[in-house]
Structure formats: C-alpha cells, structure tokens
Amino acid sequence: MKNYKALHIFIITLFTVNSVFAQLNPYIINFSKETHKGDSQSWSVSSNSEKEVYFANNKGVLRYNGYEWKVEMLPKSQEIFVVEVFDDESKIFIGSFEEFGYFQKNNKGYFKYVSLSDSIDFINVRNTAVWNIVQDTNGDVIFQSFPRLYRFSNNTVTTNDSIKGLSNIKRVGDRIFVQSRKTGIYELYNNKFKKINIKGYDLKGETYRDIVAFKNNSYILGYSSLGLLHLKDGVITVWNNSVNKIIKNKKINSLIWDGSYLYVGTVLGGLYIIDNDGNIVDVINTQSNLNSNNIHDISLDNKGNVWLAMDSNISYLDTKYPLHLVTDEISKTGITQDITIFEGQTYLATNQGLFIASDNRNIKNFKLIKGLEGQTWSLNIVDGQLFCGHSKGLFEIINKKPVFITQASGAFNTSYVKINNKNSLIINSNRNILLFEKEANNKWKYSRPLKGISGLSHQMEVDVNNNIWISHYRKGTIYKLNVDEKGNRVIRNLMGVNDGLPKRTGLSVCKFDNRIVFPTDKGFYTYDDLRDTIVAYDKLNNELGELNNATHIIDNDVDKWVVKLPEIALFKLEKEKLSKFISFRFNNSRSIGLNDDNIKINKLEDGNTYIGLINGFAIYQPLGFFEQNYNNPIFFDNISSVNDGDTVVYSLPKVINRISTQINYGSDLNFSYSSLSNPGMDIWYQSKLEGLNTDWGKSRKDGFYSFRSLKSGKYIFKVRAINSMGVKLSEISYVFKISKPWYLMWYTFFTLISLLIIAIYSIRKYLKRNKDDRKILLNKTTKALSEKNRIEKQFNSMKAENTDQSRELAKYSMELMRNNETLQELKKELSKIGDSNRKDRGVLKAISKVDKNLDQQEDPQTIFNYHFDQSNIELSNALKLEFPNLSPGDLRLSAYLRHNMSSKEIAEILHVSVRSIEVKRYRLRKKLGLDTSDNLSEFIIQYKV
C-alpha cells in the first residue's frame, strides 16, 4: 500500500442509520444555503465535469469547485429546473420556465447567459418549463418540456411536438428513451421516434421518473407509484418484490447505477442503496443526518461518489471514505471502553456491559452477555486467553461466556514482567496489581495481588529493564515500581520535577517504540535508563510537529496513533522518520465523539483499526481506498493579469504549455485553482514559481496566489496539493513570459538612436543658422544705431531752434523711446549667440556700442513726458477749468486721446496693460459726464480750447 501524507480531515458530519438494513455507512457532507449562497431548493445536479459540480437551484446555477460556491443567475432571476454539462464543458445548459439556453465564459472570464428560447416563437415556450436536457451521439442538445422537444444543432433551434403527452426524456448509454403518458415508451434515433413494444406489465397512464442501465443488458425503471420495474428484451417485470414492497410507497424520483449499487432517490424516504441482488444495503435519510427525505436528483462524480439535489439543500456522500461508523443514536450499548475480536466474535466493552456480535457491521447486531451487565472497563487477549475487566471483578471469557477469576474492582492493562527470572503476567486494577502465573497446561492463572501499591491506576507499562510504570487515574502522578525478589511486594518511587518531569498534574504514561513516554503540554518526555532520569523526547517532538503536545500516543505496531482531542492522527515510519499519514477530527454532534476518559484505538486481527466512541465505534479500513488509482487533478479556475486597470484573462491549461503566454511587464498576475478531490473538506496547496525560486512555499488552504511586478523573463508556476484523505493530487503548471520593459525593447533602442542622429543633425544646423543670424543681427544693430543718431541730431536741432515746437519734440521723444527698446531686444539676441567666453569680436563690439549709446543719452521717457505736457498745456488748463475734479492722470490721458492715440499705444507709453487704460477711460468718461453713446476720443479731439 502506497503511503501518503495528510494534514487534516475535518469530519463535518458523522452520522448513524436507524434502519434494520444499515451496514457500513458512507460519509455525508451537508451544504446549507448559507454555504452554497443559493436557495434551499435544488432541482437537479450535473457532476460530469472533473472541475466543477453544478446544481439547478431556485436562485440560479450553483457552481462548486471544491473550494468555493458561486451563483450564476438568469437575467430575470428565474428559478432553474435542470442543468447539464457535457463532455467538452464549454457550456452550462439550463432549463427554466419559458426559458432555456446556456451559460458560457466570455473573454474576461465571467459567465454570460445566451438564451436559445429567444430564437423561436414565444408561443412554443409559453406556459412551459424545461425539465430535462440530453445530448445525442451527434452532439445535438435536446431540451424537453411537457408539450415538446427543442433541438439545438449547428446554432439553430428547432421544435418537435409529434409525441403527444410527452412526459420524460432520458439518455441511457447511447440510447435516448422518450416517455408518453398516452402512448408508451419510444426510442429517439436520428431525430426519429421508434416505439418500444412492452410486454408483461400494464403501464397505461404511468410514466417513469427515471431509467438506468442495469446488468445483463437490462434496464431499471423507477415509477412514482409502481416502484422499481425491470426491462429486458421488451419485457417489463417487477424487480425484486421484497424490496419493491418497501420502496414503492416512498415515491421514486431518481435513479443511478454505478455497476455495484443502485441508488434510489425518493420523495418520502430519502436515499436507498441497493445491491445488484435487490438487497437494501443502506437507507440514508433525515435520521441519518440528511437534510431532507425529498431527493430531486442524484449524480455520480468521476470517483463514484454521490451528489444529491434535494428539496432542502445539497448533500455529498463519499462512498469510499476510509472511516466508517458502527453506531446508533438510540442503541443501548452505551459508551465504548474497549473493543476486540476473539475467536471470530467482536466483543464490545461499554459502561452498559459486555456485548458480542458475529457481524460487527451494525451496532444493533451486538447482544449483551448475561452476567456482565454494568461497567466493563477492558478487554485483553493474552496467549489465546480473553480477560475482561468489569466492575464486578476480573473475568475470563470462555466459549462466549464469562468465568469469574477474582474480586478485583476493574481491570485495565496486561503486561509481562520477570519475577525471579520467570515470566509472569500482571494486570492493573482500580486498587492493586494482580499477578498471574502459568500452569502446566500453559494457561495463565491468577496467583495473588502485589502489595505496596493501591489506588486508581488505569495506565500501566513495563520497560525493558522490568520497571513498572503507572499513572494515578485521578491525580495524574507517575510511579516507577519494582517487584521484590520474593514477588510479593512492589517498591514504589514517586517521580516528579526532581526526576525531570515538567511541573504539572494530569500526567499519563504510554509506550512508544519500546520506550516509556509521558505526554505533557510541553511535549513528550521519556525515561533515560542510562542516567535514571526523565528527559524531553526531542526527536519525537520534532517529528510530531504541531501534535507534540498530544495527550496520548498509541503504538499499534507499524501504526502510531496520536491523540489531541478532537483530532486523532495516524503516523507511519518513513525512512526512519515519523510522518503524518492521515488524520480525523471528531465532533460530538448527535452523540458521536471520542470517549475522552478512556481513549481506545486498537488494530485487530482483521487488519482494521477500531476506535471507541461515545455510542459505538468507528472502523478505519484503508485497504481498497489507498490502493485505488484515483485521478484527483487540480484545475486552474482563473489566470489573469492586471495592468493600469486593464484585466486580461488567459486560457486554462491542465498541463505545462509548450508555448509560453506573453504577459506585459509591470502586470499583477493572479492565479486561482481548486480540486473536487474532497468536497467540503480542506485541501492543502503548495506552489512555487520556477524562475523566481526553487523551493515549494508554505501549505495553504486557499487556492489563490498573486505576483506583483515580476522581472522580465520566463517562468513556470507550479501547484501541488494533498487532500484530506492523504492522496497527493496531480501537479499542474503554467508557463509564461514577462516581456521586457519598454525602455529595454528593440524599438526603444531604435528610437533612441534615431533621436540621437536627429539631434546631431539639428545641432549642426542650428549652429550654422546661428552664425547667419548673428550677421543679420549685427547689420540690424548698425542700422538701428545709425537711425538713432539721426533722430537725436534732428531732435537737438529742433530744440535749439524753437522750444515752442514741443509737440514735434514729444513725437521724436516717443520714436527715440521705441528705438531704445529695439536696441535692448537686439542686445538680448546678441547675448544669446554662443557662450559669453566664445563670442567673436564683432558681437562683443556691437554689444559695447549699444551699451555706450544707451548710457550716454538722457532718459527718453522723461524727455517725452516733459515735452508732451508742454505741448498740451492749453488743453489741460481748459479741461481743469470746466471739470475741476479731473486728476493729473486724467489730464494726461486726455492729451493722449487728443493726439488720437489708441489704448494699446497709450499702454506702451505708460508701461501698463491695455485693460488698465480701458478702466482709466471709463472713469474719465464718468467725470466728463458723457453718456454711453458718446465717443470719448471724439469729445476730446473736438473740445475747444
């Protein structure tokens, strides 16, 4: 048997069956609407996909990938009655009221609904509902309502209502059966109906609810009122009258056959599991912790496990779960203290007595042994003898009957010990240790109690040095005992902190790998016989990991069970190191749970391990489960990248791609993945990104991983997992490349080189143009200086001739001002040509002439203001006389307007904005008392002085 490591199996619901037919029960997981996010009522289930299971629900299509549930709703939020996913898994086909079609993923990874009923006349779907969907061998999809069939072929929908009283359509293998309430059963082949001639049973007015293939080329038909019928060679008979009498009144709703068992879903009785001979193996209903007895649909997944769509929520039955319960909530067996198999019989020691059964598959098979009613503590098989520790004393079971040995109040463990170099047998009880010696017939016979010890001692172990170790049942104190030479008394040594034990109460003693060990909340301790002290058992603690503070360790040969309530874990030795193999977690719901006061885990002669429970026992039966070659793949649910808010969804491969997916640099990359290996239970995933790291990351329960801003290069993202059964899941990979950043791309280098060439060419051209511009500026400067000299000469001449020509002088002053501004601009342009240290002599000489010329003359603005005021003094005096509230600024503005100057020209002279001149003009208009229709400039020009 191949060994697998496992982390945790969380048993969500452990159940019992209150039925005379019950044997070993499958494991049930119930999904409530709070979990699956839909409505409580589901109508059908499709588990054809390995990746997801789908449910037709009142709220929409429920999708479950083993990790999370999602709901896909119709545009009008109608309830969905049937859902089917076929082999290619590309579309989710659905049927609803007056609606049918399919969901399909778009390029963003979201499901979008495509209506097929919209493509036909509404009269063909009005007041009808689609309840069944099948696919024929040509790949055409057929939707069935009660009046008619709708065929979806080559993206076209056609209708067929030639069968009157249509009530059902089912595909069984390669055959499609069609039921008419009026005319019988037909087979649909190549879009034609062929009636099947039925003999042996009157089916007039009856319609089957479901039909499945059965052994020997026959079929089983389930009828709501008739029960189970058998069809072979055109002849229908009642299948197995005994089972049909039980099941026919339960109103059959759906059927599934897996080759070994027939699963029958009913309206009133839950799920019946029947073998091929017609024997009821199990009845799963509300008494078995199923949420409802009304089962609408059944589906088998690729591992042979059962999904149920019910009137109230959804359930999953794991028929191959390695842990089976033999228990019953209302049984009278009581709390299990011990269990063993002896001479082909199973003995169950409980607080109600000692029970026996030849068939341990049902708790009801166990019968109480007369005389052993009441508290039964232990069962020990020693050299072919079965000893039973009871509150009445110690008994030996011979021929299924108790034989009294001694009045010992309870008896628990047996061990061999050497006394006077002779092997003896000791059994510890509530009060003392009982000594047994062998007789001539090789049978163990009670001899005497050992003196020197008293008190409760449920746990007892003997080490290789013949030391007897016991722990006090109530106080948890540890004693090391030695038997004296006469074999009558023990020498008692109380072990404590001074001997190496941690300071705490409630210690127990166990035996592991032939060593005495002590479980504590600080880890396991062991006895070091060489130094006669107790030390921390570091090797064991390291190998147990998070369970190193367990309360019990039970060594069943190669199986090592570790208990840390409510979990029990099985460890196995691999390469001289303990590794966790599988673990279970028990809840105490419905009276199911471990017996905290007396943990019993026994591997018995049938190869199975029996675990004592509060009300019965569990059987760990790995054979058959771990040897089966299950395909438990992991699937990528979504692979996407996000860059600057844009999301890209990529294809979802099952294996490593030959061609890498190209992903833009700077993208955030997201992976989500899941597996249907263990619905409702934890799966632990590990991932690594080859190209970034070589080690697998920490185990995580969530199937999601993200990467932010990976460097450019090729990567392989890998995911592996182990499910709660200890089965390793198939590893999956995704190959992708992160592109180089834009500044490292070839086109970037090409662009840069091109820009460099252009820049060199532009600089050379600029330098040449600069040289030409310099010549032009020098010429302009020379002309400007010459013009300025001419104006200055004419100005000085006029000034000398007649000062009354102030008006002309003001005009020339203004020209002189403008000429100076031109010289300033030319100076700036000359200064820009080349570096100041590298200007040629012509440029420097020109700048020097400009500076000298500007420095030697009077300020043109001052000269202008003076002469302008002189030339307009008569106007200013006249205006001041008539309008005494005018300011000097108003008078000067009037003078400018008198000369018919624009606002722009005035602004240049005053070195202000045009807007400021407009405001001054507005204020002057108000002071002069002009209307808005009067022209201010005309008023000033025409004003008589």
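**Exercise 1. Strands 2, 3 and 4**

How many residues lie between strand 2 and strand 3 in the hairpin that they form? Then follow strand 3 to its other partner, and work out how its side chains are placed.

*Solution.* The structure is a predicted model, and the steps below read its computed geometry.

Step 1. Strand 2 and strand 3 form a hairpin with six residues between them. Strand 2 covers residues 42-46 and pairs with strand 3 in the antiparallel sense over four bridges, and within this pairing Ser 42 stands opposite Asn 57 of strand 3.

Step 2. Strand 3 also pairs with strand 4 (residues 61-64), in the antiparallel sense and over four bridges. Here Phe 55 is found opposite Leu 62 in strand 4. The two strands make a hairpin with three residues between them, and in that turn Gly 60 has a positive phi of about 155°.

Step 3. In a regular strand the side chains alternate between the two faces of the sheet. In strand 3, Val 53, Phe 55 and Asn 57 point one way, while Tyr 54 and Ala 56 point the other way, and all are buried. Strand 3 (residues 53-57) is thus mostly covered, with five of its five residues buried.

Step 4. Phe 55 reappears in the largest nonpolar core, which has 34 residues; together with Trp 307, Ile 568 and Phe 584 it touches the most other members. Apart from this core lies another, of 22 residues, among them Ile 663, Phe 671, Leu 689 and Phe 717.

**Exercise 2. Two open sheets**

Give the strand order of the open sheet that contains strands 22 to 25, explain why strands 22 and 25 each have one side without a neighbour, and then describe the open sheet that contains strands 46 to 49 in the same terms.

*Solution.*

Step 1. The four strands of this open sheet follow the order 22-23-24-25, with antiparallel pairing. Strand 22 (252-257) and strand 25 (280-284) stand at the edges and each has a single partner strand, so one side of each is left without a neighbour in the sheet. Neighbouring strands of this sheet are turned by 15° against each other on average, direction ignored.

Step 2. Looking at one pair in detail, strand 22 and strand 23 (residues 261-266) are joined in the antiparallel sense over five bridges, and Trp 257 has Leu 262 of strand 23 as its bridge partner.

Step 3. The other open sheet, also of four strands, has the order 46-47-48-49 and antiparallel pairing. Its edge strands are strand 46 (510-512) and strand 49 (533-536), each of which pairs on one side only. In this sheet the neighbouring strands are turned by 40° against each other on average, direction ignored.

Step 4. Strand 48 (residues 523-528) pairs with strand 49 in the antiparallel sense over four bridges, with Tyr 525 standing opposite Ala 536 of strand 49.

**Exercise 3. Backbone exceptions**

Which residues does a cis peptide bond join, and where do Asn 155 and Asp 383, each with a positive phi, lie?

*Solution.*

Step 1. Most residues other than glycine have a negative phi, and most peptide bonds are trans. Against this background, the cis peptide bond joins Leu 565 and Pro 566, with omega at about 5°. Pro 566 lies in the loop between strand 51 (559-564) and strand 52 (567-574).

Step 2. Asn 155 is not a glycine, yet it has a positive phi of about 65°. Its place is in the loop between strand 12 (149-153) and strand 13 (156-160), and it is exposed, with a relative accessible area of 69%.

Step 3. Asp 383, likewise not a glycine, has a positive phi of about 50°. Asp 383 lies in the loop between strand 34 (376-382) and strand 35 (385-390); with a relative accessible area of 42%, Asp 383 is partly exposed.

Step 4. A positive phi, of about 60°, is also taken by Asn 900, just after helix 9. Within helix 9 (residues 888-898), the buried residues include Asp 890, Leu 893 and Leu 897.

**Exercise 4. The chain as a whole**

What average pLDDT does the protein have, and over which residues is the pLDDT below 50?

*Solution.*

Step 1. The protein averages a pLDDT of 83, and 87% of the residues score at least 70. Over residues 1-24 the pLDDT is below 50, although this stretch has 120 contacts in the model beyond near neighbours in sequence.

Step 2. The secondary structure comes to 12 helices and 64 strands, and 51% of the 945 residues count as buried.

Conventions:
Residues are numbered from 1 along each chain as its sequence is written. This is a predicted model: local features need pLDDT of at least 70, side-chain atom pairs count only at pLDDT 80 or more; totals for chains, interfaces and linings use all residues. Side-chain values use heavy atoms; hydrogens and water are left out. Two strands pair if DSSP finds at least two bridges between them. Axes are lines fitted to C-alpha atoms, for helices over the stretch in contact, and angles run from 0 to 180 degrees between N-to-C directions. A nonpolar core is a set of buried Ala, Val, Leu, Ile, Met, Phe, Trp, Tyr and Cys residues joined through side-chain atoms within 4.5 Å. Buried means under 20% relative accessible area, exposed over 50%, partly exposed in between (1.4 Å probe, protein chains only). pLDDT is the predictor's confidence in each residue, from 0 to 100. Contact means heavy atoms within 4.5 Å.
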